[in-house]
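Let's go through a few of the labels people put on a model like this one and check what earns each of them. Have a look at it before we start.

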Amino acid sequence: VWESILQAEQTNTQNLLKLAHVANACGEYGALAFLNPFHTEQIEAEDKVGAILAQVSVASPEFMMELDHQLGLEAKEEEGEHGPAPETQVEEPVAAAGFPARRVFGEVGWADC
C-alpha cells in the first residue's frame, strides 16, 4: 500500500512540474508563483511517505499501531489549521475569465495559454 502511495505522490510531483513548465512557456508567472507552495508541500509529502515506507518495510505490529495513531493526530492537527476541506467547483479558467486562448507546444505536449 505504501509503495502505491509513494508512486502516487511522485506522479503528483511530476504533474506539478509539468504545470509549471507550461505556465513558464506561456509566460504565466503568476501561475508559477501560485504553484510554488503546492510544489513545496508535494515534495514534503513525497519525503514523508518515503520515510514511512522505509520504516514499515521492517515494522512490527506494535509499530504499525503507533504509526497509525501518530498519523491520525497529524491529520487532526492539519484539519484544525486549515478547517475541513471545502467543496470546490472546477471551471475553465481561461474561458471563465474571457481571455483568448493560444496554444504552445512544449516538453509536455500541446497546451492552451
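Q: What makes a group of residues a charged patch?
A: Patch members need over 30% relative accessible area and no salt bridge, and like charges are joined within 9 Å. Asp and Glu count as negative. Keep in mind that this is a predicted model.

Q: Which residues form a negative surface patch here?
A: That patch is made up of E41, E44, D47, E77 and E78. Two elements, α2 (29-56) and α3 (61-82), give two or more residues to it. The largest share, 3 residues, comes from α2.

Q: Why is E44 called exposed?
A: E44 sits in helix α2. Its relative accessibility is 51%, and exposed means over 50%, so E44 earns the label.

Q: How do you know that E74 and K48 form a salt bridge?
A: Check the distance: the closest N and O atoms of E74 and K48 are 2.1 Å apart. The cut-off for a Lys or Arg side-chain nitrogen and an Asp or Glu carboxyl oxygen is within 4 Å, so the pair qualifies. A search of the whole structure turns up 1 salt bridge.

Q: What does the pair of E74 and K48 tie together?
A: E74 is in helix α3 and K48 is in helix α2, so the pair links parts that lie 26 residues apart in sequence.

Q: Why are E74 and K48 called partly exposed?
A: Partly exposed is what lies between under 20% (buried) and over 50% (exposed). E74 comes in at 31% relative accessibility and K48 at 34%, so both land in that middle class.

Q: What makes T13 count as buried?
A: T13 belongs to helix α1 (residues 2-25). Its relative accessibility is 5%, and buried means under 20%, so T13 counts as buried.

Q: How do you know that the side chains of T13 and E46 make a polar contact?
A: Their side chains come to 2.7 Å. A polar contact takes a pair of N or O atoms within 3.5 Å, one able to donate a hydrogen and the other to accept it, so T13 and E46 make the list.

Q: How many helices and strands does the protein have, and in what order do they run?
A: There are 4 helices and 2 strands. From the N terminus on, the order is α-α-α-α-β-β.

Q: What share of the protein's residues is buried?
A: Of the 113 residues, 17% are buried, and T13 is one of the buried residues.

Methods. Residues are numbered from 1 along each chain as its sequence is written. This is a predicted model: local features need pLDDT of at least 70, side-chain atom pairs count only at pLDDT 80 or more; totals for chains, interfaces and linings use all residues. Side-chain values use heavy atoms; hydrogens and water are left out. Patches are made of residues with over 30% relative accessible area and no salt bridge: like charges are joined within 9 Å, nonpolar side chains (Val, Leu, Ile, Met, Phe, Trp, Tyr) within 5 Å. Accessible areas come from the Shrake-Rupley method with a 1.4 Å probe; for residues, only the protein chains shown count as cover. The place of a charge is taken as NZ of Lys, CZ of Arg, CG of Asp or CD of Glu. Buried means under 20% relative accessible area, exposed over 50%, partly exposed in between (1.4 Å probe, protein chains only).
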